[in-house]
Amino acid sequence: MTERLSVSLDNTSKQKLEKLKKMTGKSTSEIIRELINLGYDIYRLGVDSESLEAWMDYLAKRQHMILDIEHWRVIFNEIEDSDNSDFWRQMEEIGLSHALQYKMKGLDTVEKILRYVEKANWYEIKDEGDGVYTLILNDLKIKRFVRTFLEKVFEGQNLKADIKEGFGKLIVVEK
C-alpha cells in the first residue's frame, strides 16, 4: 500500500532535493524513500551525526581505511617488538602534518582534536572536567603510537597539553 505524504521544505532543503534529483536521475519519491531508509538504519544502529560526519570525512576522500581490529593488533604487536627509530620519526612527521589538516577543518582545541580522533576508534574519551581527558585505549600496545601522534598534533598547533601514561590509558591535561 502506498501512502501520500505532504512535506513543507525551506528553500535550502528544496535546492538540495533538486540537486539530488539531477545527480541521481531519481524522482522525489524515490529519493525521499531512500533517505528515510538510510535515516532509519542510522538511528537503529545508534550512530550519532557527529560520528557519521567524522567517518565520512575519514573515508570519503580515501585518505583513511577500514582495518579489522585483529589486523590492527597484529600490526601493533610487531611495532611494539621493534625499536625502529625511522618509524617513530615518520609518526612525528605525520602528527605535525595532521596538525595543519585539523586546523583547516576547524579542529583547533585539544578537546575538538581528541573527539575527532576518537571516531577512528583508537580510544574512548572520559571527560574528567577542567581540561582533563582520560583516553581508554582499545589496545595496550598502541599507547606510544597514540601519544606520539597527539603530542605532535598539539605541538603543530601550539596547543599546550601534557600526556601522561596509565595502564591501558592516556591522560591528557590541558595547560
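Helices, in runs of at least four residues, and strands, in runs of at least two, are assigned by DSSP and numbered from the N terminus.

**Figure 1. Overall fold of the protein chain in a predicted model.** Read from one end of the sequence to the other, the elements of the protein chain follow the order α-α-α-α-α-α-β-β-α-β-β. The radius of gyration is 21 Å, well over the 16 Å that the globule rule gives for 175 residues, so the protein chain is more spread out than a compact globule. In total, the protein chain contains seven helices and four strands. The C-alpha trace spans about 65 × 35 × 30 Å along its principal axes. Among contacts with a separation of 6 or more, 53% join residues that lie 24 or more positions apart.

**Figure 2. Surface and charge of the protein chain.** The exposed area of the protein chain is about 12,500 Å², and carbon and sulfur atoms supply 52% of this area. Of the 175 residues, 30% count as buried. The protein chain carries 28 positive and 32 negative side chains. The centres of these two sets are 6 Å apart.

**Figure 3. The largest nonpolar core, with L150 and its contacts.** This core has 33 residues, and those with the most contacts inside it are L114, Y123, L150 and F154. Helix α7, which covers residues 143-156, provides the largest share of the core, namely six residues. When residues up to four places away in sequence are not counted, L150 touches I113, L114, Y123, L135 and I163. Two of these partners, L114 and Y123, are also named among the residues with the most contacts inside the core.

**Figure 4. Q157, a buried residue in a loop.** Q157 is located in the loop between α7 and β3, the latter covering residues 161-166. The relative accessibility of Q157 is 9%, and the cut-off for a buried residue is under 20%, so Q157 counts as buried. Leaving aside residues up to four places away in sequence, Q157 touches A99, Y102, K103, L107, D108 and I113. I113 is also touched by L150.

**Figure 5. Two loop residues with positive phi, N121 and D130.** Most residues other than glycine have a negative phi. N121 has a phi near 70°, a positive value in a residue other than glycine. The loop that holds N121 runs between α6 (110-118) and β1 (123-129). D130 likewise has a positive phi, near 55°. D130 is found in the loop between β1 and β2, where β2 covers residues 132-137. With 80% relative accessibility against a cut-off of over 50%, D130 counts as exposed.

**Figure 6. R73 and E80 in helix α4.** Helix α4 comprises residues 69-81 and includes E80. R73 lies in this helix as well. At 35% relative accessibility, R73 counts as partly exposed. The residues that R73 touches are N138 and D139, not counting residues up to four places away in sequence. R73 and V110 are 37 residues apart along the chain, and their C-alpha atoms are separated by 27 Å. E80 also counts as partly exposed, at 45% relative accessibility. Between the C-alpha atoms of E80 and R144 the separation is 8.8 Å, with their positions 64 residues apart along the chain.

**Figure 7. E111 in helix α6 and its contacts.** E111 belongs to helix α6. Its relative accessible area is 32%, and E111 is therefore partly exposed. Not counting residues up to four places away in sequence, E111 touches D127 and Y133. The C-alpha atoms of E111 and Y133 are separated by 8.3 Å, and the two residues are 22 residues apart along the chain.

Note on methods: Residues are numbered from 1 along each chain as its sequence is written. Side-chain values use heavy atoms; hydrogens and water are left out. The radius of gyration is taken over C-alpha atoms; the globule rule is 2.2 Å times the number of residues to the power 0.38. Buried means under 20% relative accessible area, exposed over 50%, partly exposed in between (1.4 Å probe, protein chains only). Contact means heavy atoms within 4.5 Å. Accessible areas come from the Shrake-Rupley method with a 1.4 Å probe; for residues, only the protein chains shown count as cover. Lys and Arg count as positive and Asp and Glu as negative; His and the chain ends are not counted. The place of a charge is taken as NZ of Lys, CZ of Arg, CG of Asp or CD of Glu. A nonpolar core is a set of buried Ala, Val, Leu, Ile, Met, Phe, Trp, Tyr and Cys residues joined through side-chain atoms within 4.5 Å.
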